[in-house]
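The following exercises are to be worked with the sequence and the coordinates at hand. Each task is followed by a solution in steps.

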Amino acid sequence: MIPYGRHSISDEDIEAVVAVLRSDFITQGPVLPRFEKVIARHVGAAHCVAVNSATSALHISLLSLGVGPGDLVWTSPITFVATSNAALYCGAEVDFVDICPDSFNMDMKALAEKLEMAKTEKRLPKVIIPVHLTGRSADMKALDVLRKIYGFKVVEDASHAIGADYDNQPVGSCAYSDLCVFSFHPVKIITTGEGGAITTNDHALGRKLAALRSHGITRDPDEMERNEGPWYYEQQRLGFNYRMTEIQAALGLSQISRLGRFVAHRSELAKRYDQLLADSDFVRPLLDTDDNLSSWHLYVIRLPEGSGTLARRHLFEKLRSDGIGVNVHYIPVTRQPYYRKLGFVPDCFPVAENFYERAISIPLYHDMTESQQDTVVQCLLGPAGYQTIF
Ligand SMILES: *Cc1c(COP(=O)(O)O)cnc(C)c1O
C-alpha cells in the first residue's frame, strides 16, 4: 500500500531519542525549551509553547484568549473536527464560514458578509480560526482587514503548514494573528509521534499558555502572589497536563533540522503531479505563488464538477484496491452526527459540500519516490479507472 502520508525517520532522529532515554530527564528537562526556541526562530515568532497535540494547543489557545461560555468561535467546515471541538471544550458556541472553491480555505468574502450580519444581531465572534488547508495559507491579509473592523482575535490552525510561507514570512510568524498552532502528528510535515506547538509575539499570552499546559501552575517568583519559599509554586488558573515529553521534543528537534528539505521535496512532488495530471479531467490544486508557498501537506484532486458522488466513490474504491492509500480531507464538520445534534445542516455551506463530494487526497510524503508517484498516476488514469467510469 502506498499511504497518503507518512513520517520520515532518520538514524539521527533515532539517536536523538535514544540519547534522551539515556539521560536524566525523559520529561520536563532541557530539550523541550531548546525545541521551542528553534521553532520560534524558524517561524520568526517571539515565543513558542510546545504541547502534547495540536488539539491541546487549540484548546489552551482559546482559553488564553478568554474564550468561555457565551462566546462564539468561527472556523472553516473543511477541517479536522479538533479545530471546532477546541471551542466546544471551552463551553463556547461554534459556527462556520464557507470555503473558497479554489483554495479550499475560508472564504473571506463570505466571512465579511457573515460578520456584517452578526454585527446587526450583536453576535460577533470572539475568535476566528482560519485553517491553512493542505499547507497553503488562508488569505490572512483579507482576514486582518476584517479583524481591524470587527475586533475579533485570530488563532491560525496551521496543523498542515509548518514550513509554509505567506506574504514573504513563515507561517507561524503571527504577522496577522494572535496565535498560531502546529501539529506534529506523524502524517504532518514534521513529527514528534504526538505533539503540537503554539507560536505568538505576545509575551503575556505565551506565559499564560505555558501555565495552562501544566495545571495552571507557575514557578516564576515574578508571577506569584506570595512566595513561601524555594519549594513554593502557585496554581493561579485551571490548567491541564498537556506537556510534551523530552522524548518527543528530541525527535522534533531532530526533525525540524530537515524541515526545509521536507518541504522542498514535497513541493517537487506536487509540481510533478501537476504536470503528470495536466491532461486529465481532474481539477488540480492551486500552485504556489510568490506570496503563498505551501508546505504541501496534502495533494487534493477533485473530480470534474457534476461527476456525482458515486463517481468519487468508485474511483476511491478502485484506488484503494490497487494499493493506493487515498483519503478524503475532510468530511465537513457540519456533517458529523455530533454537530448535526447542535443544529447544523450540511446545506448551510454549499461550497464545502461541493468540495467534499469531489475531493480525493492522493499520496504525498517525504520518502515517496518518483516511481511510486508514477504508480499512483497510472492507477488514476489507467484503463480500469477514471476514464471508464465516465
Ligand atoms: C491534525 C490536525 C489537528 C489535530 O492535530 P493533533 O496534533 O492530532 O491533535 C487539528 N487541525 C487540523 C487541521 C489537523 O489537520
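**Exercise 1.** Determine the strand order of the open sheet formed by 3 strands, and state which strands stand at the edges.

*Solution.* In this predicted model, the strands of the open sheet follow the order β7-β6-β12, and their pairing is antiparallel. Strands β7 (169–170) and β12 (292–293) each have a single partner strand, so one side of each is left without a neighbour in the sheet. Next, consider the pairing of β6 (residues 165–166) with β7, which is antiparallel and comprises 2 bridges. Within this pairing, Y166 has Q169 of β7 as its bridge partner. As background, strands of a sheet pair through backbone hydrogen bonds.

**Exercise 2.** Compare the expected span of helix α10 with the distance between its end C-alpha atoms, and establish how its buried residues are arranged about the axis.

*Solution.* Step one concerns length. Helix α10 covers residues 309–321, which is 13 residues; at 1.5 Å a residue the span should be 18 Å, where the expected span is 1.5 Å times one less than the number of residues. The end C-alpha atoms of α10 are 18 Å apart, in agreement with this expectation.

Step two concerns burial. The buried residues in α10 are A311, R312, L315, F316, K318 and L319. Viewed down the axis of α10, the buried residues fall within an arc of 165 degrees, so they line one face of the helix. An α-helix has 3.6 residues a turn, so residues three or four places apart point the same way.

Step three turns to the face of α10 directed away from the buried side: L310, R313 and S321 are exposed there. Just after α10, G323 adopts a positive phi of about 85 degrees.

**Exercise 3.** Is R147 buried or exposed, and which residues does R147 touch?

*Solution.* R147 lies in helix α6 (residues 140–150). Its relative accessibility is 17%, and the limit for burial is under 20%, so R147 counts as buried. Leaving out residues up to four places away in sequence, R147 touches F152, V154, A175, Y176, S177 and D178. With D178, the side chain of R147 also makes a side-chain polar contact of 3.4 Å.

**Exercise 4.** How many disulfides does a search of the whole structure find, and where is the cysteine sulfur nearest to C48?

*Solution.* The search finds 0 disulfides. For C48, the nearest cysteine sulfur is that of C174, 9.9 Å away, whereas a disulfide requires sulfur atoms within 2.5 Å. C48 counts as buried, at 10% relative accessibility. C379 is buried as well, with a relative accessible area of 12%.

Technical notes
Residues are numbered from 1 along each chain as its sequence is written. This is a predicted model: local features need pLDDT of at least 70, side-chain atom pairs count only at pLDDT 80 or more; totals for chains, interfaces and linings use all residues. Side-chain values use heavy atoms; hydrogens and water are left out. Helices (H or I, at least four residues) and strands (E, at least two) are DSSP runs, numbered from the N terminus. Buried means under 20% relative accessible area, exposed over 50%, partly exposed in between (1.4 Å probe, protein chains only). A polar contact is a pair of N or O atoms within 3.5 Å; within protein, one must be able to donate a hydrogen and the other to accept it, and residues adjacent in sequence count only if both atoms are side-chain atoms. Contact means heavy atoms within 4.5 Å. Two strands pair if DSSP finds at least two bridges between them. The arc is that of the directions from the helix axis to the C-beta atoms.
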